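Please look at the protein shown here and follow the report with the structure in view. It starts with a small local detail and then widens to the whole chain.

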Amino acid sequence: VYLARDTTLDRPVALKFLGSLLDDSDEYRQRFNREAKAAAKVSHPNIVSIYDISANQGEAYIAMEYVEGSNLHRYIQQKGQLPAREAVNIIGQACMALQAIHDAGIVHRDIKPDNILVARGGLVKLMDFGLAKGAGARMTASNIVMGTPCYMSPEQARGHDVDHRSDIYSMGLVLHEMLTGKTVFADGDVLYRQVHETP
């Protein structure tokens with residue numbers, strides 16, 4: 001992802017490139033296009049806006065809103081355990097974004113601190129819809145489990161169909177991390193633990 005300037009509208013933008021190593025992969029190209037379409041489908045103050053999807057010299061990219069601030073992962077690393085009031089404010093805004101995409105029939109499937117931006121001034125933005133699909137959709141055609149193990153719901157870890165409840169579970173894990181400074185399952189076989197152990 002690069003910081004760039006939209007010379008037509010004179011504003012900063014973030015350019016997310018597919019990357020030359022992935023350009024020949026149909027699966028990654030489809031995920032890239034799906035990310036842009038899913039994010040562009042919903043307009044909400046707590047969701048990063050998509051401006052355009054295009055290509056430059058054969059390299060596909062998404063032009064999106066530039067948010068000055070930090071992702072929640074770095075934010076937690078810098079501050080440690082967050083005060084309950086601050087954690088509730090952040091999770092509340094993230095959940096409003098989640099409600100908006102669920103109302104549009106989209107399941108994010110990769111809710112984690114890295115995909116939640118905390119802008120300067122405290123505005124929270126949900127981003128990265130690369131794994132998003134309509135509710136009830138399978139993980140991939142080959143049924144490969146995709147996502148981030150520490151934040152997956154048990155059904156997602158099993159490779160089952162997922163709906164909005166999977167995102168809510170993942171958001172609960174994010175809230176836990178904000179309040180404690182650590183993930184629920186940080187070591188061992190995280191996928192196994194998500195399925196077989198009670199958080």
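In this predicted model, Asp-6 stands opposite Arg-11, a residue of strand β2. The two strands concerned are β1, which covers residues 2–6, and β2, which covers residues 11–17; they run antiparallel and are joined by five bridges. Together β1 and β2 form a hairpin, with four residues lying between the two strands.

One residue of that turn, Asp-10, has a positive phi of about 55°, and Asp-10 is a residue other than glycine. A second residue with a positive phi that is likewise not glycine is Arg-109, where the angle is near 70°. Both sit in loops, since Asp-10 is found between β1 and β2, while Arg-109 is found between β6 and β7. Are these two residues buried or exposed? Asp-10 has a relative accessibility of 55% and therefore counts as exposed, because the cut-off for that word is over 50%. Arg-109, by contrast, has a relative accessibility of 4% and counts as buried, because that word applies under 20%.

The loop between β6 (residues 106–107) and β7 (residues 116–119) also holds Asn-115. At 3% relative accessibility, Asn-115 falls under the 20% cut-off and so counts as buried. The table sets the three loop residues side by side.

| Residue | Relative accessibility | Class |
|---|---|---|
| Asp-10 | 55% | exposed |
| Arg-109 | 4% | buried |
| Asn-115 | 3% | buried |

What does the side chain of Asn-115 have within reach of its polar atoms? A polar atom of that side chain lies 2.8 Å from the backbone oxygen of Asp-110. If residues up to four places away in sequence are left out of the count, Asn-115 touches His-108, Asp-110, Lys-125, Leu-126, Met-127 and Asp-128. Asp-110 thus appears twice in this description, as a residue that Asn-115 touches and as the owner of the backbone oxygen at 2.8 Å.

Turning to the protein as a whole, its secondary structure comes to six helices and nine strands. The protein has 199 residues, and buried residues make up 44% of them. Among the contacts between residues at least 6 apart in sequence, 61% join residues that are at least 24 apart. Finally, the accessible surface of the protein comes to about 10,500 Å², and carbon and sulfur atoms account for 51% of that surface.

Technical notes
Residues are numbered from 1 along each chain as its sequence is written. This is a predicted model: local features need pLDDT of at least 70, side-chain atom pairs count only at pLDDT 80 or more; totals for chains, interfaces and linings use all residues. Side-chain values use heavy atoms; hydrogens and water are left out. Two strands pair if DSSP finds at least two bridges between them. Buried means under 20% relative accessible area, exposed over 50%, partly exposed in between (1.4 Å probe, protein chains only). A polar contact is a pair of N or O atoms within 3.5 Å; within protein, one must be able to donate a hydrogen and the other to accept it, and residues adjacent in sequence count only if both atoms are side-chain atoms. Contact means heavy atoms within 4.5 Å. Accessible areas come from the Shrake-Rupley method with a 1.4 Å probe; for residues, only the protein chains shown count as cover.
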